[in-house]
Amino acid sequence: MQPPGRCSLSTHYGLRPEREGLHLVLQLKTVFEAQCLNLKFELELYSTEDGKEPVAEFLDSLDRKMNAKLIGLMELLEEKGTELREPYSAPLEDGIFELRCKLGSNITRALYFFYVGKRIVVTNGFIKKTQKTPPGEIKLAKDRRKDWIERQEREKENAGKKGRR
């Protein structure tokens, strides 16, 4: 069994050294594993400009088991990225997705979006008490996405100005 985050060439392509030339298999395996290691997404918890970390605070507020399960799902999201589907993840609207976590009768959600460069930003989390995702939570995710992207663009501009001096 491969360690998490690693891909097995033989698993994906059914290659076996006894069937194919060992040298070719080893070359393909090296290239394939290099590509697989590069496929992992980077997950980031949203923080405000003044350094507050609302998502981290939300995670800390959960009981130990729910916290562990949601963090485990975030690790799965980091590994699978855009390939993660129901029952773990579902699109909501306008590029906002929800990570679905259920433990017994307790349901928790974390909202997130994808950004260029294989980045995932978790914007907010909440304990679900109604059938539908509350519109206020979706709006909060969109507002935080807008804020996060604007700050990323400002940082790029500032880095570019410093580089030209």
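Here are three short exercises on the sheet in this predicted model and the helices that lie across it.

Residues are numbered from 1 along each chain as its sequence is written. Because the model is predicted, local features need pLDDT of at least 70, side-chain atom pairs count only at pLDDT 80 or more, and totals for chains, interfaces and linings use all residues.

**Exercise 1.** Work out the strand order of the open sheet and find which strands are at its edges.

*Solution.* Start with the terms: helices (H or I, at least four residues) and strands (E, at least two) are DSSP runs, numbered from the N terminus. Two strands pair if DSSP finds at least two bridges between them. Now read across: the order is S1-S5-S4-S3-S2, five strands with mixed pairing. S1 (42–45) and S2 (89–93) each pair on one side only, and they are the edge strands.

**Exercise 2.** Trace the two hairpins that involve S3.

*Solution.* Take S2 and S3: they pair antiparallel over four bridges, and Ser89 has Leu99 as its partner in S3. Two residues sit between these strands, and Asp94 in the turn has a positive phi of about 50°. Next, S3 (96–103) and S4 (106–115) run antiparallel, joined by seven bridges. Arg100 partners Arg109, and Lys102 partners Ile107. This hairpin also has two residues between its strands, with Gly104 in the turn at a positive phi of about 65°.

**Exercise 3.** Which strands does helix H4 lie across?

*Solution.* Look at residues 64–80: helix H4 lies across S1, S3, S4 and S5, where contact means heavy atoms within 4.5 Å. Then check direction: H4 runs at about 140° to S3, with axes fitted to C-alpha atoms (for helices over the stretch in contact) and angles from 0 to 180 degrees between N-to-C directions.

Note on methods: Side-chain values use heavy atoms; hydrogens and water are left out.
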